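Reader: I have a structure open on my screen and would like to talk it through with you. Could you take me around it, a piece at a time?

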Amino acid sequence: MIVRFHISSKLAGSDEGLPSPWGNIAEALVTALREKLDDGDHPDLIHVYGLGDHTTHRMLERAAELRIPAIITPLSSLQPWNTKNAHSWTKLLTGSIIVASSQIEYENLQAVSAQWRVKLIENPIVTTAVSTDDYRSRMLSLYEEAVSRHDQEVRQQIKSKVDALGESDAAICSILQQVLYVHYQHHRGHITQECLDQLSNSMIASNYDEALMAFRLDTLQMTDFFAQLETLLQERSNLTEGFMPIEAKPNKITETRKI
């Protein structure tokens with residue numbers, strides 16, 4: 001799993017003042033977590049420590065645009081008495097997982113907004129009752145949970161979109177769902193080889209009306225993307241021209257979006 005970490009400048013401090021002790025805590029926690037994670041340009045999830053600055057706000061906006069799940073550990077940067085800061089983040093944080101570091105912070109965060117998904121995971125910097133291994137294990141489990149839940153939600157949204165077409169051909173519906181999922185991956189900036197191979201195999205093994213498939217692709221406004229995707233499948237997987245329901249176009253699908 002690839003996780004992109006970000007520590008708010010509000011925690012890290014600035015050149016004009018002393019670093020915040022919360023910034024030191026965040027750095028120590030990120031170091032412990034990175035030991036068990038992969039590196040890469042296309043994160044499965046982002047984990048933000050601290051809030052309150054423009055860069056952090058923009059990163060969370062960008063994650064929402066690319067449909068990348070986010071976890072936020074405020075480290076006291078969201079509190080009921082800081083209503084101006086807290087309420088300005090309410091809409092942006094809805095849908096993300098917010099990790100409280102203590103029981104008091106957990107209760108305070110729940111008091112700020114009932115829409116937030118708040119988890120309590122104490123860390124070894126704040127309390128000696130938790131070891132680094134315990135914290136790392138719980139956070140890694142939370143990462144897996146967040147990514148899995150997000151993926152299930154995306155797939156359900158795609159299924160609902162295809163179901164709305166009223167199409168009775170199961171093969172066409174299955175292929176359309178896979179195409180939309182590949183399009184979702186493309187929007188995030190990285191199409192996996194597994195999904196390309198699965199789509200190629202489905203198109204080769206399925207018996208369906210190609211004219212009806214072309215009509216459904218047009219209804220979903222996926223015709224141009226799919227025509228380029230056919231070429232990509234030919235280049236990177238095992239699809240051949242005889243199994244392409246519409247005329248292929250030169251592949252201009254690129255994977256450049258990063259957060």
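Author: What follows goes from the overall make-up to the sheet, the helices, a pocket and one residue.

Reader: Before anything else, what kind of model is this, and how many helices and strands are in the protein chain?

Author: This is a predicted model, and the secondary structure of its protein chain comes to 10 helices and 5 strands. Buried residues account for 46% of the 259 residues in the chain, and among contacts between residues at least 6 apart in sequence, 66% join residues at least 24 apart.

Reader: In what order do the strands sit in the sheet?

Author: The 5 strands form an open sheet in the order E1-E2-E3-E4-E5, with parallel pairing. At its edges are strand E1 (3–7) and strand E5 (117–120), each of which pairs on one side only. Neighbouring strands in this sheet are turned against each other by 20° on average, direction ignored.

Reader: How many bridges join E1 to E2, and which residue in E2 is the bridge partner of Ile7?

Author: E1 and E2 run parallel and are joined by 5 bridges, and the partner of Ile7 in E2 is Tyr49. E1 is also mostly covered, since 4 of its 5 residues are buried.

Reader: And on the other pairing, what stands opposite Val48 in E3?

Author: Ile72 stands opposite Val48, and the two strands concerned, E2 (residues 45–49) and E3 (residues 70–73), pair in the parallel sense over 4 bridges.

Reader: Moving to the helices, which strands does H3 touch?

Author: Helix H3 (residues 54–66) packs on the sheet and touches E1, E2 and E3, with its direction at about 160° to that of E2. Helix H6 (residues 132–163) lies across E1, E2, E3, strand E4 (97–100) and E5, and it runs at about 130° to E2.

Reader: With 32 residues in H6, what should it span, and how far apart are its end C-alpha atoms?

Author: At 1.5 Å a residue, H6 should span 46 Å, and because its end C-alpha atoms are 46 Å apart, the two values agree. Its buried residues include Tyr135, Arg136, Met139, His150 and Val162.

Reader: How many residues does H2 have, and which of them are buried?

Author: Helix H2 (residues 21–34) has 14 residues, and its first and last C-alpha atoms are 20 Å apart, close to the 20 Å expected. Buried in H2 are Gly23, Ile25, Ala26, Leu29, Val30, Ala32 and Leu33.

Reader: Changing topic, how much space lies in the largest pocket, and which residues are closest to its centre?

Author: The largest pocket holds about 440 Å³ of space. It is lined by 19 residues, and the closest to its centre are Ile68, Pro69, Gly95, Ser96 and His150. The elements that give two or more residues to this lining are H3 and H6, and H6 gives the most, with 6 residues. His150 is also among the buried residues of H6.

Reader: One last residue, then: why does Leu92 count as partly exposed, and what does it touch?

Author: Leu92, which lies in helix H4 (residues 83–93), has a relative accessibility of 21% and therefore counts as partly exposed, given that buried means under 20%. Leaving aside residues up to four places away in sequence, Leu92 touches His57, Leu60 and Glu61. The C-alpha atoms of Leu92 and His57 are separated by 8.3 Å, although these residues are 35 apart along the chain.

Key
Residues numbered from 1 in each chain as written. Predicted model: local features only at pLDDT ≥ 70, side-chain atom pairs only at ≥ 80, totals over all residues. Heavy atoms only, no water. Pairing = 2+ DSSP bridges. Axes fitted to C-alpha atoms, helices over the stretch in contact; angles between N-to-C directions. Contact = heavy atoms within 4.5 Å. Expected span 1.5 Å × (residues − 1). Buried < 20%, exposed > 50% of the residue type's maximum accessible area, 1.4 Å probe, protein only. 1 Å grid on protein atoms, 1.4 Å probe; cavity = no way out; pocket = protein on both sides within 12 Å on 5 of 7 lines; lining within 4 Å. Points joined across faces, edges and corners; volume = space filled by probe spheres on them.
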